[in-house]
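Please look over the sequence and the fold below before reading on, and keep the view open while following the text.

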Amino acid sequence: MSSNSPAAERLSGFAYAFGAYVSWGCFPLYWKQLSHVPPVALVAHRVVWSFLFVAGLLTLRRRWSEILGVLRNGRALAALLLTTTLISLNWGLYIWAVNSGRMMEASLGYYINPLVNIVLARLILGERLRWLQVGAVALATLGVLNLAMGLGQVPWVALGLAGSFSLYGLVRKLAPVESLTGLAVETGLATPVGLGLLLLGGWEQPVLGSTPRETLLLVGCGVATALPLLWFALAARRLRYSTLGIIQYLSPTLQLALAVLVYGETFTSRHAMTFACLWTAVALYAFDGIRGARAPTPAPARQGT
């Protein structure tokens, strides 16, 4: 079998997808090691080291001309300024949630995320919703309302994570830029701010950590951020989007398992009801995606002579 056969491409696509989503699902284990570092400082480290790592990849592949092309395109640059803001807010909120004992609510956000995508596609892109998608969104909304009533407040961490990442994906879709190039521009735009925060923020601990282990973890933020994103991009070129849509639930499922089994967050009957609504919504979403992927493409209408 040729190494570039369709079967080999799909197999490598699954490997890249699982690598990306398992990495994202296990991220809490990484950030918990740096729980004493303020979330703003961690985001700054994540931005700076990600840029340096991606810059190294661009240099090896001789692709800096793509960056110049984006910088000359005012519309693309404006879009990436917006995505830089959105992803920075998402990263900061996620790190704060993990290190504040709200990992379960963070996982809730990433269960909601694809359902928010459906709503944005309808409201902004004008895409029509199929009845299974409407049902999935309704069930997810019911689950969130149930949790909100139990908490006595809106689960703003979950909604903030879902909303910021969905808007990030939407803007990137409307202003398509290749994954590595886009990540380089986004982190490059944020790097001056990140450096300023690290050098002038007045943090109690040294900028590069107080121990060699801590320094290695801080520098490793760049690789830990960039590699899953690149794996995801490689998977997206090899697999159906509906297949990726199903595999993506590995990430919040792992986060939920870590929250309850490893870090001892309380899982109440109200949480169980909320997640039951979300898991059912996910099942509807996955079934709709599989059914849509298998539906035969209508033959083009025959032109009259």
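What follows is a walk through a predicted model, from a patch on its surface to the spaces inside and then to a backbone angle in a loop.

The surface offers a starting point in a nonpolar patch of about 540 Å², which is made by Leu195, Leu199, Leu200, Val207, Leu208 and Val219. Of the elements that take part, helix 8, spanning residues 179-200, gives the most to this patch, with three residues. One of the patch residues, Leu195, can be placed in helix 8, and because its relative accessibility is 38%, Leu195 counts as partly exposed, a class that lies between the buried limit of under 20% and the exposed limit of over 50%.

Helix 8 also leads to the second largest pocket, since helix 2 (39-61), helix 4 (74-99) and helix 8 each supply at least two residues of its lining. This pocket has a volume of about 330 Å³, and 17 residues line it, with Val43, Ser88, Leu89, Val193 and Leu197 lying nearest its centre. Helix 4 provides the largest share of the lining of the second largest pocket, namely seven residues. Sorted by class, the lining of this pocket holds 12 nonpolar and five polar residues, and no charged residues.

From a pocket, which is open, we turn to enclosed space. Rolling a probe the size of a water molecule over the atoms shows where empty space is left. The count of cavities of 30 Å³ or more comes to one, and the largest cavity contains about 50 Å³ of space. Its lining is made up of Val37, Ala41, His45, Leu198, Trp203, Gln205, Pro206, Val207 and Leu218. Val207, listed in this lining, is also named among the residues of the nonpolar surface patch. By class, seven residues of the lining of the largest cavity are nonpolar and two are polar, while none is charged.

The last stop is the backbone at Arg62, a residue in the loop between helix 2 and helix 3, the latter covering 64-71. What is the phi of Arg62? The angle is near 55 degrees, a positive value in a residue other than glycine. Most residues other than glycine have a negative phi. As for its surroundings, is Arg62 buried or exposed? Because its relative accessibility is 77%, Arg62 counts as exposed, the cut-off for that class being over 50%.

Conventions: Residues are numbered from 1 along each chain as its sequence is written. This is a predicted model: local features need pLDDT of at least 70, side-chain atom pairs count only at pLDDT 80 or more; totals for chains, interfaces and linings use all residues. Side-chain values use heavy atoms; hydrogens and water are left out. Patches are made of residues with over 30% relative accessible area and no salt bridge: like charges are joined within 9 Å, nonpolar side chains (Val, Leu, Ile, Met, Phe, Trp, Tyr) within 5 Å. Accessible areas come from the Shrake-Rupley method with a 1.4 Å probe; for residues, only the protein chains shown count as cover. A salt bridge is a side-chain nitrogen of Lys or Arg within 4 Å of a carboxyl oxygen of Asp or Glu. Helices (H or I, at least four residues) and strands (E, at least two) are DSSP runs, numbered from the N terminus. Buried means under 20% relative accessible area, exposed over 50%, partly exposed in between (1.4 Å probe, protein chains only). On a 1 Å grid over the protein atoms alone, a cavity is a set of points where a 1.4 Å probe fits but cannot get out, and a pocket is an open set with protein on both sides within 12 Å along at least five of seven lines; lining residues have an atom within 4 Å of a point. Grid points are joined across faces, edges and corners, and a volume is the space filled by probe spheres set on the points. Ala, Val, Leu, Ile, Met, Phe, Trp, Tyr, Cys and Pro count as nonpolar, Asp, Glu, Lys and Arg as charged, and the others, Gly among them, as polar.
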